[in-house]
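User: I am new to this structure and would like a close look at how its helices pack against each other. Please take me through the packing pair by pair, and then place it among the surrounding loops and domains.

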Amino acid sequence: MLNEKLDAYLKENYYPFHMPGAKRTDILRSDLPYKRDLTEIYGFDNLNDPRDIFLKMEEKIAKIYKVKDSIISTNGSTCGILSTIRSLTYENKNILIQRSCHKSVYNAIEIFNLHSDYVNVSVDDIGSIIDISYKDLENKLKSKKYAALVITSSSYEGYYLDLKKIYQLTKKYETALILDMAHGSHSLLFGKYENNFDIAITSFHKNLSALTPSSAVLINDLSLSDEIRRNMAIFQTSSPSYVVLQSIDEMLEKFDSFYKMYEILDLYLDDIYNINLDKLKLIDKKNKDRSKILISTINTNISGEMLANKLREEKIEIEMAYPSYALLISSIFDRKEGFERLKNALVKIDRAIEYRNTNMDFSYEIPKKSMEISRAILARKTLIDLNLAENKISAQFVYAYPPGIPIIAPGEIISRNIIDNIKYFQKNSIDLNIDDRIFILN
Ligand SMILES: Cc1ncc(COP(=O)(O)O)c(C=O)c1O
């Protein structure tokens, strides 16, 4: 669609007396896409008011994901999340979110002055969030009328929630279900995609082929379409990247071939999950996306971060390290050579490390809330030593990035346990957005 049209246009040899300023020149780097960078010129549609080629691309996305409508984002899932949450919370400001939601959801809570409640999550023995508490969810949905529930499935680490159950509950309590599926655009390829939501937001750049930050909003409730689209045009740049859009176009053109490619990836993954390791553990579970290779370092003498460093010595760069595990992302575009390198490296590292009984000094808790995020952000604050912060009210978010899930949010009370959790991350060389001080409310 878009690429074909652009190919034909470029052959016509029009001279570009318009933006972008690089003018398809050949005096800049040839490995950057200046030659295909364009803007809303005649005949090339406008993503923020699509009528032609972008509508067709959106129809194709809707067809692939079996939803009623879709909206392309060239500003990531972040933009889709902000736009969707705003569209649903003009009147009712109560929002319920899974505690482990991404910071973009918390940012929406801040900028739209929302009253937030949180659904408890469950964590496994390596500290990875694997599920929510369905009992807690139902109790909360029962307790108040929420404009929306926001959940994440699949998660960064690849865990899927019971979407069917959650959707039934939100229907029962008349709450809109917003699914953050940023990490699950490829779930279709292995039969784990479920159309059980009112709105879902997904990133194509994370696990499929489209360039960073290609994403889309998937819509089942058509009554919300126009308002989400209007908000997308507010939060999205008025100059959406045509290079990014061309990569989405190519992804859509080739989507059918991705299923076959996944079968090959699955064979490579079988090979990895079958490696005989003594101390490291590869986690492969039914409710987990196996293309997210999670390696537990629990009961060894190394942390996730140390494993990442050892893999880097073998010229392997990973996605994320946590105190007790490392996360490696694979995709249908991976090559056999990469998996061979990984296999050899894991066997070598596993032989060199030792058993050690490890205590995970970490227990997940949702802090007590003293005031809403938007109020706490605007209040007067002081930076103090973390050790002196117990029982004070946090004036800031604290999170590790990635994954950008808050340990504490503004307006929440800093307990001893939260301080210990922060220190536990820091001791394990996990990069947080604070040093040994934290902003508290005066
Ligand atoms: C769970 C989750 N949701 C949303 C996002 C935002 O996605 P994007 O980077 O496409 O804006 C992320 C980013 O990492 C994420 O982890």
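Analyst: The crossing of H5 and H6 is right-handed, and this pair is a good place to begin in what is a predicted model. Helix H5 covers residues 134–143, and its axis comes within 10 Å of the axis of H6, the two crossing at roughly 15°. Because an angle under 35 degrees counts as roughly parallel, H5 is described as roughly parallel to H6. On the H5 side the contact is made by Tyr134, Leu137, Glu138 and Leu141, which meet Lys165, Ile166, Leu169, Thr170 and Lys172 in H6. Sorted by class, the residues of this contact are five nonpolar, one polar and three charged.

The loop that leads into H6 deserves a look as well. Serine 154 lies in the loop between strand E6 (148–152) and helix H6 (163–172), and a cis peptide bond, with omega about 0°, joins serine 153 to serine 154.

A second pair is formed by helix H3 (residues 76–88) and helix H8 (residues 225–235), whose axes are 8 Å apart and which pack at an angle of about 130°. That angle makes H3 oblique to H8, and the crossing of H3 and H8 is right-handed. From H3, the residues Cys79, Gly80, Leu82, Ser83, Thr84, Arg86 and Ser87 take part, and they meet Glu227, Ile228, Arg230, Asn231, Met232, Ile234 and Phe235 in H8. In terms of class, six nonpolar, five polar and three charged residues make up the contact of H3 with H8.

The third pair joins helix H2 (residues 53–64) to helix H9 (residues 242–273), where the axes come within 11 Å and cross at roughly 45°. H2 and H9 are therefore oblique to each other, and their crossing is left-handed. Here Phe54, Met57, Lys60, Ile61 and Ile64 in H2 meet a set of residues in H9 made up of Tyr242, Leu245, Ile248, Asp249, Leu252, Glu253 and Phe255. The contact of H2 with H9 has nine nonpolar and three charged residues, with no polar ones.

Two further loops carry backbone details of their own. Proline 213 is found in the loop between helix H7 (204–207) and strand E9 (215–219), and the bond that joins threonine 212 to proline 213 is a cis peptide bond with omega of about 0°. Asparagine 113 has its place in the loop between helix H4 (103–111) and strand E3 (115–119); its phi is near 55°, a positive value in a residue other than glycine.

To set these pairs in the wider chain, the domain assignment of the protein gives domain 1 as 2–254, domain 2 as 275–352 and domain 3 as 373–441. The centres of domain 2 and domain 3, taken over C-alpha atoms, are separated by 30 Å, and the contact takes eight residues from domain 2 and eight residues from domain 3. About 630 Å² of area is buried between domain 2 and domain 3, and carbon and sulfur atoms give 71% of it. Of the area that domain 2 buries against domain 3, Glu305, Tyr322 and Pro323 supply 67%, more than any other three residues.

Definitions and conventions:
Residues numbered from 1 in each chain as written. Predicted model: local features only at pLDDT ≥ 70, side-chain atom pairs only at ≥ 80, totals over all residues. Heavy atoms only, no water. Axes fitted to C-alpha atoms, helices over the stretch in contact; angles between N-to-C directions. Helix = DSSP H or I, 4+ residues; strand = E, 2+ residues; numbered from the N terminus. Parallel < 35°, antiparallel > 145°, perpendicular 65-115°, else oblique. Left-handed = near helix turned anticlockwise from the far one by under 90°. Contact = heavy atoms within 4.5 Å. Nonpolar A, V, L, I, M, F, W, Y, C, P; charged D, E, K, R; others polar. Domains from an automatic or database assignment. Buried area = accessible area lost by both parts, 1.4 Å probe.
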